[in-house]
Amino acid sequence: MGGGHGHGVTYKGITIHQPKRWHSVTGKGLCAVMWFWILYRAKKDGPVVLGMRHPWEGHGHGHGHDH
């Protein structure tokens, strides 16, 4: 099963091959995007998640309109 002849580590009959360079680079790039997104959302939504303010406070929508 699995075929292929390459370098890898065999443990209990299962051979784990080294990843190709593009796999490593892509994984690191996507990891960076993930962390930038998490930190961006934490900056925007942090006080709401931590209970320091309500979601409807401080958006600037609906204030100053007389109906």
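These questions and replies test the labels put on this predicted model.

Me: What makes up the secondary structure of the protein?
Reply: There is 1 helix and there are 2 strands. From the N terminus on, the order is β-β-α.

Me: How do you know that strand 1 and strand 2 pair?
Reply: Pairing takes at least two bridges. Here 4 bridges join strand 1 to strand 2. The strands therefore count as paired. They run antiparallel.

Me: Which residues of strand 2 stand opposite Val 9 and Tyr 11?
Reply: Val 9 stands opposite Ile 16. Tyr 11 stands opposite Ile 14.

Me: What makes Lys 12 worth a mention in the hairpin?
Reply: Its phi is positive, about 50°, although Lys 12 is not a glycine. Lys 12 lies in the loop between strand 1 (8–11) and strand 2 (14–17). The hairpin has 2 residues between the strands.

Me: Why is Lys 12 called exposed?
Reply: Its relative accessibility is 72%. Exposed means over 50%. Lys 12 therefore passes the cut-off.

Me: Why are Trp 37 and Tyr 40 called an aromatic pair?
Reply: Their ring centres are 5.8 Å apart. The limit is 6.5 Å, so the two rings pair. By this rule the count comes to 1 aromatic pair.

Me: Why is that pair of Trp 37 and Tyr 40 called tilted?
Reply: The planes stand 35° apart. Stacked needs under 30 degrees and edge-to-face needs over 60. The value fits neither, so the pair is tilted.

Me: Where do Trp 37 and Tyr 40 sit relative to each other in helix 1?
Reply: They are 3 residues apart in helix 1 (residues 21–49), so about one helical turn separates them. In general, residues three or four places apart in an α-helix point the same way.

Me: Why do Trp 37 and Tyr 40 get separate exposure labels?
Reply: Trp 37 has a relative accessible area of 54%. That is over 50%, so Trp 37 is exposed. Tyr 40 has 41%. That lies between 20% and 50%, so Tyr 40 is partly exposed.

Me: Why is the contact of Arg 41 with Asp 45 called a salt bridge?
Reply: The closest N and O atoms are 2.7 Å apart. The limit is 4 Å, so the contact qualifies. The structure holds 1 salt bridge. Side chains of opposite charge can pair when their charged atoms come close.

Me: How are Arg 41 and Asp 45 placed in helix 1, and what are their exposure labels?
Reply: They are 4 residues apart in helix 1, and so separated by about one helical turn. Arg 41 has 30% relative accessibility. Asp 45 has a relative accessible area of 30%. Both values lie between 20% and 50%, so both residues are partly exposed.

Me: What makes Met 34 eligible for the nonpolar surface patch?
Reply: Met 34 belongs to helix 1. Its relative accessible area is 40%. A patch residue needs over 30%, so Met 34 clears that cut-off. Trp 35, Ile 38 and Leu 39 are in the patch with Met 34. Together the four have about 400 Å² of accessible area.

Me: Where does helix 1 bend, and what follows?
Reply: The bend is about 55°, at Lys 43. A proline, Pro 47, follows within four residues. Just after helix 1, Gly 51 takes a positive phi of about 80°.

Me: How much of the protein is buried?
Reply: Buried residues make up 1% of the 67 residues. Buried means under 20% relative accessible area. The protein exposes about 6800 Å², with 64% of it supplied by carbon and sulfur atoms.

Technical notes: Residues numbered from 1 in each chain as written. Predicted model: local features only at pLDDT ≥ 70, side-chain atom pairs only at ≥ 80, totals over all residues. Heavy atoms only, no water. Phe/Tyr/Trp six-rings, centres within 6.5 Å; stacked < 30°, edge-to-face > 60°. Buried < 20%, exposed > 50% of the residue type's maximum accessible area, 1.4 Å probe, protein only. Patch = residues over 30% accessible without salt bridge, like charges linked within 9 Å, V, L, I, M, F, W, Y side chains within 5 Å. Areas by Shrake-Rupley, 256 points an atom, 1.4 Å probe, with all protein chains shown as cover. Salt bridge = Lys/Arg side-chain N within 4 Å of Asp/Glu carboxyl O. Bend = angle between axes of the 7 residues up to and from the residue.
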